[in-house]
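Here are a few exercises to work through with the model open in your viewer. Try each task before you read its solution.

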Amino acid sequence: MTGKVYSMGISGIEGYPVLIDCYIGTGLPGFDLVGLPDASVKEARERVRAAVKTSGYRFPVGRITVNLAPANTKKSGSLYDLPILLCIMRAQGILAPLPERTAFLGELGLDGGLRPVQGVLPMAIAAAKQGFETLYVPWQNAPEATLADGLRVIPVHSVKEIMESLIQGIPLAPQPKWEQAQDDRSLPDFKDVKGQENAKRALEIAAAGGHNILMVGPPGSGKSMLAKRLPSILPDMTRQESLEVTQIHSIMGLVDPKHPLVTVRPFRSPHHTISAPGLAGGGVNPKPGEISLAHRGVLFLDELPEFRKDTMEVMRQPLEDGVVTITRTSATETYPCEFMLVCAMNPCRCGWYGDPSGRCTCTKLSVESYLGRISGPLLDRIDLIIEVPAVEFDELRSREQAEPSSEIRARVNAARAIQRRRFAGTATQSNARMTPAQLQSLCVLQDEQAALMKEAFETMGLTARSYDRILKVARTIADLDGSDEIETCHLAEAIQYRTYQIGRR
């Protein structure tokens, strides 16, 4: 006796179809799972056995062999519990042939109830692309699965519910497509920040063009406060961007069941004790790291020099390419990671190096050792370096209302709209991601501007990468001004954000 049921699997952030075959033969009772299952898949044997019996059905006595095809791809997770159970029921003859172009997934409880699984959205999108028409999922995952277009999603509460439906031929009600309601989640606002107008301007430019930024200043100057308010001025996410981010968060189990679509750009702030695999991704079965969870959003590294050097260096290639490839013996996976890198640091270990008060207690050697933890190649990949000085008493006491995030965000959205029109039909999303060809055609310098750039290049000892990044920042400043061309003032401001030298007194 045999049975076949379709399910889905995850490779990286892409789903793929899995065909589950079951054969029940004579001989000593046994239950074997083949097809490169990991430990979590093999444990399905006990969950399935208990769920069948507690749901009032007979578990077969015989030699049961279940194969998960393709057999050369490693399977992981508990999502195969439900299709394995249905496959066994089909092999016993309890179920008639299951509907064509239908897939099933879900974890079973010992009482026969269904529990949510991770990665439902990428699997649902893949199912629709593969020609499946119906997807049965745990009821908690159903709103998320409806984000995939062209797919009928059936929420399932228990084994008994789906078995009665399939035996009697009475279809279960499909899940209504999830529609976004008014998002009332509030974000920290820039109006709470006293002073620091120069830093706010730099963050506005960074948000408008997707640029990396480093803030340097003494303790209590507001670096972390500014960074945490950056999401409130980031541009609105497109539908495609939201789906990309949601797929990554779905794999990691970070999707809110009540609000399954990520509509607010991610803001990830890992602690400085994080490891290189935790930041870039990895594990025995590779999983996305913090840089991928920050895709289309912000990765904030507070107290940058406190991070391990090898941890910081893993960002160099992803910052350039926008993807990270993780290779392990079990698999090689590639994850997207187009993020804004926002860093904050003190100028020395005590935090007061270069402060006019002269209260720095660090020796020159300790300052050099502290700052030497940040490599030149990593600094070269940062577009704007801004000094955040200590806030004066009069600014703290001022009752004048600072500019709210809503007004800054309006300017950022206008600049991003210009960029979307400029890069329409290409893979480029923002000025920070311009290709060399686009940079050459869109960032043309006139004679006066070329002379200014040459002087800065020679005086500041810029690299070719620094030169390109200054041009990209200048293009963003021009967009904020609504200018078609890069003017001298735009270029001068962009150069200004490269003049701060780490470690100067």
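**Exercise 1: a charged pair**

Task: find out how far apart the closest N and O atoms of Arg 49 and Glu 46 are, and decide what to call the contact.

Solution. Keep in mind that you're looking at a predicted model. Start with the atoms: the closest N and O of Arg 49 and Glu 46 are 3.9 Å apart. Next, apply the cut-off, which asks for a side-chain nitrogen of Lys or Arg within 4 Å of a carboxyl oxygen of Asp or Glu. So Arg 49 and Glu 46 form a salt bridge. Now place the two in the sequence: they sit three residues apart in helix 2 (residues 44–54), and therefore about one helical turn separates them. As background, side chains of opposite charge can pair when their charged atoms come close. Searching the whole structure turns up 27 salt bridges.

**Exercise 2: following the strands**

Task: work out which sense strand 1 and strand 2 pair in, then which sense strand 2 and strand 4 run in.

Solution. Begin with strand 1 (residues 2–11) and strand 2 (residues 14–25): they pair antiparallel, over 10 bridges. For a spot check, look across from Thr 2 and you'll see Tyr 23 of strand 2. Two residues lie between these strands, giving a hairpin, and Gly 12 in the turn has a positive phi of about 70°. Then move on to strand 4 (residues 63–69), which is joined to strand 2 by seven bridges, again antiparallel. Here Gly 25 stands opposite Arg 63.

**Exercise 3: two backbone oddities**

Task: inspect the peptide bond from Ala 69 to Pro 70 and the phi of Arg 101.

Solution. First, the reference point: most residues other than glycine have a negative phi, and most peptide bonds are trans. The Ala 69 to Pro 70 bond is cis, with omega near 10°, and Pro 70 belongs to the loop between strand 4 and helix 3. Arg 101 isn't a glycine, yet its phi is positive, about 50°. You'll find Arg 101 in the loop between helix 3 and strand 5.

**Exercise 4: a helix crossing**

Task: describe how helix 17 packs on helix 20.

Solution. Take the geometry first: helix 17 (residues 405–422) and helix 20 (residues 464–480) have axes 8 Å apart and an angle of about 115°. The two helices are therefore roughly perpendicular, and their crossing is right-handed. Then list the contact: helix 17 brings Arg 411, Val 412, Ala 415, Ile 418, Gln 419 and Arg 422, while helix 20 brings Arg 475, Asp 479 and Leu 480. Sorted by class, that's four nonpolar, one polar and four charged residues.

Note on methods
Residues numbered from 1 in each chain as written. Predicted model: local features only at pLDDT ≥ 70, side-chain atom pairs only at ≥ 80, totals over all residues. Heavy atoms only, no water. Pairing = 2+ DSSP bridges. Helix = DSSP H or I, 4+ residues; strand = E, 2+ residues; numbered from the N terminus. Axes fitted to C-alpha atoms, helices over the stretch in contact; angles between N-to-C directions. Parallel < 35°, antiparallel > 145°, perpendicular 65-115°, else oblique. Left-handed = near helix turned anticlockwise from the far one by under 90°. Contact = heavy atoms within 4.5 Å. Nonpolar A, V, L, I, M, F, W, Y, C, P; charged D, E, K, R; others polar.
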